[in-house]
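Open the model in your viewer and keep the selection box handy. The stops below say what to pick and what to look for.

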Amino acid sequence: MATETTDAVAGACVDAGGSALGMPQLCADWMPNQIFWLVVTLIAIFFVMSRIALPRIGAVLAERSGTITNDIAAAEELKNKAAEAEAAYDQALLDARAEAQKIVAEAKAEIQAELDVELQKADAEIAAKTAESEAAIAEIREGAKKSVTAVAKDTAKELVAAMGGSADAKTITAAINARMKG
């Protein structure tokens, strides 16, 4: 039995049939072999990463950085152009408003001038009609005055005759004219 234990300790990683017992990674007999292959694998991964993968990743990152820089510059340029366009739009809007105000003022002045001309024509027509009306009224007044004078003469003659007096036409006319004058 003691021999079995010593053999088991000496070849603890391998059984009687030659197959591994337990976890081979923890077998002290196999450690130098495992360390060698670990170093070889790490060196191979380092060369693959440094020669192939990392340069490609670096190129992609540089390209992305360049694209982002170009996009930022283009965005800034477009922003400046938009600001210029907005300023031009605002100026055009101010100019259009000023032009509209000018057109409105000219139209008002033109309409006022036409209105003044029409008012002057209307005033002239009204003045002419007023003069015609005053002339007609003066004629009517004159006619009424003559009619009143004639009626007054006839009435005075009749009254004088009805009272039994006699008055000549000159005296009656002089009395009526004096009374009409005030």
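Select M31, I35, V39, I43, F46 and F47 and show their side chains. Together they make a nonpolar surface patch of about 550 Å². Keep I35 highlighted: this patch member is found in helix α2.

Now select residues 31-163, the whole of helix α2. Center the view on M49. Here the helix bends by about 45°. Then step to G164, just after α2. G164 takes a positive phi of about 95°.

Next, pick T149, which also has its place in helix α2. Is T149 buried or exposed? T149 counts as buried because its relative accessibility is 14%, and the cut-off for buried is under 20%. What does T149 touch, leaving aside residues up to four places away in sequence? Add I176, N177 and M180 to the selection to see these contacts.

Last stop: color by pLDDT. This is a predicted model, and the chain has a mean pLDDT of 86. In the chain, 92% of residues reach 70 or more. Which element has the lowest mean pLDDT? Select residues 2-10, helix α1: its mean is 46, the lowest among the elements of the chain. Helix α2 has the highest, at 91. Narrow the selection to residues 5-10, where the pLDDT is below 50. Beyond near neighbours in sequence, this stretch has one contact in the model.

Methods. Residues are numbered from 1 along each chain as its sequence is written. This is a predicted model: local features need pLDDT of at least 70, side-chain atom pairs count only at pLDDT 80 or more; totals for chains, interfaces and linings use all residues. Side-chain values use heavy atoms; hydrogens and water are left out. The bend at a residue is the angle between axes fitted to the seven residues ending there and the seven starting there. Helices (H or I, at least four residues) and strands (E, at least two) are DSSP runs, numbered from the N terminus. pLDDT is the predictor's confidence in each residue, from 0 to 100. Contact means heavy atoms within 4.5 Å. Buried means under 20% relative accessible area, exposed over 50%, partly exposed in between (1.4 Å probe, protein chains only). Patches are made of residues with over 30% relative accessible area and no salt bridge: like charges are joined within 9 Å, nonpolar side chains (Val, Leu, Ile, Met, Phe, Trp, Tyr) within 5 Å. Accessible areas come from the Shrake-Rupley method with a 1.4 Å probe; for residues, only the protein chains shown count as cover. A salt bridge is a side-chain nitrogen of Lys or Arg within 4 Å of a carboxyl oxygen of Asp or Glu.
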